[in-house]
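Work through the following exercises with the model open beside you, and try each task before you read its solution.

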Amino acid sequence: MAVPAREAPAAPRGQPPLAVPVEPLHAGAPGAAEPAAGQRGQGENGDPPGAWRAARGLTLEQPQGDSMMTCEQAQLLANLARLIKAKKALDLGTFTGYSALALALALPPAGRVVTCEVDAGPPELGRPLWRQAEEEHKIDLRLKPALETLEELLAAGEASTFDIAVVDADKENCAAYYERCLQLLRPGGVLAILRVLWRGEVLRPQQRDTAAQCVRNLNERILRDARVHISLLPLGDGLTLAFKI
Ligand SMILES: C[S@@+](CC[C@H](N)C(=O)[O-])C[C@H]1O[C@@H](n2cnc3c(N)ncnc32)[C@H](O)[C@@H]1O
């Protein structure tokens, strides 16, 4: 059943009403438009956007499904990857692989996403959808602490070879992830750090809130870091984009 367009939002005070109804913003949002008759359905082989949409739905059904990045964040990161013609991506914090799949879809056929996770369960739930999107071959899942994988990549001589890195794992190690990812990125590469506002707790972290303190410390460190240009976007729970000089 087709979803009706949403009503136009109220115009800002003192301005004429918006005449154009607003379509659903993005696939995967509650109420997003279903494929029209004749289009391939969600998650069928060779229907990458359908599989990606299905990955969002599947993830939302899981406990902690809301730890997945927002659709807008994933779209932006995938589009940045396309813009810089990325071939190699890093994804710290796989969960079901929603972000890994978004990146894989943005890479060329020989591209690679190294994705890091400590919990084997969620990626195995998502894997059938990576396969249905015909992107499974690009997704290199490393089941061990992300820091170990980053050290292995550095030891294997992969410094300065990655185009984009997405940091969305535990916060306690976020400063170490930042440093290692910066080493692994090429000049011009993009480093994205998720949840940098930490529900606003970064403004005045409680003493016992280690995660909030780590995020705040990293934010301050990045602000002073002459190796990058940054943008901190209030998307989702905050997204820092650091562009390696
Ligand atoms: C916020 S979720 C990732 C969401 C995912 N990026 C997405 O948008 O679909 C964080 C994930 O990081 C994983 N994680 C936590 N500590 C980790 C570590 N030390 N190394 C690798 N992964 C870790 C958790 O198990 C969890 O699945």
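Keep in mind throughout that this is a predicted model.

**Exercise 1.** Determine which residues come nearest to the ligand, and sort the shell around the ligand by class.

*Solution.* Begin with the residues around the ligand, of which there are 18, and note that Met-69, Gly-93, Glu-117, Ala-146 and Asp-168 come nearest. Next, sort the shell by class, which gives ten nonpolar, four polar and four charged residues.

**Exercise 2.** Find the polar contacts that nitrogen atoms of the ligand make with Ala-146, with Asp-168 and with Tyr-177.

*Solution.* The cut-off needed here is that a pair of N or O atoms counts when the two lie within 3.5 Å. A backbone N or O atom of Ala-146 lies 2.9 Å from a ligand nitrogen, so this pair passes. For Asp-168 it is a polar side-chain atom that lies 2.9 Å from a nitrogen atom of the ligand. In the case of Tyr-177, an N or O atom in the side chain is 3.3 Å from a ligand nitrogen. Turning to the area, the ligand on its own has 610 Å² accessible, and the protein covers 85% of it.

**Exercise 3.** Classify the aromatic pair formed by Trp-52 and Tyr-98, and locate both residues in the chain.

*Solution.* A search of the whole structure finds one aromatic pair. Its rings, those of Trp-52 and Tyr-98, are 5.1 Å apart centre to centre with 5° between the planes, and the pair is therefore stacked, since planes under 30 degrees apart count as such. Finally, Trp-52 belongs to helix H1 (residues 48-60) and Tyr-98 to helix H3, so that the pair links distant parts of the chain, 46 residues apart.

Definitions and conventions: Residues numbered from 1 in each chain as written. Predicted model: local features only at pLDDT ≥ 70, side-chain atom pairs only at ≥ 80, totals over all residues. Heavy atoms only, no water. Near = heavy atom within 4 Å. Polar contact = N/O pair within 3.5 Å; in protein donor to acceptor, adjacent residues only side chain to side chain. Areas by Shrake-Rupley, 256 points an atom, 1.4 Å probe, with all protein chains shown as cover. Nonpolar A, V, L, I, M, F, W, Y, C, P; charged D, E, K, R; others polar. Phe/Tyr/Trp six-rings, centres within 6.5 Å; stacked < 30°, edge-to-face > 60°. Helix = DSSP H or I, 4+ residues; strand = E, 2+ residues; numbered from the N terminus.
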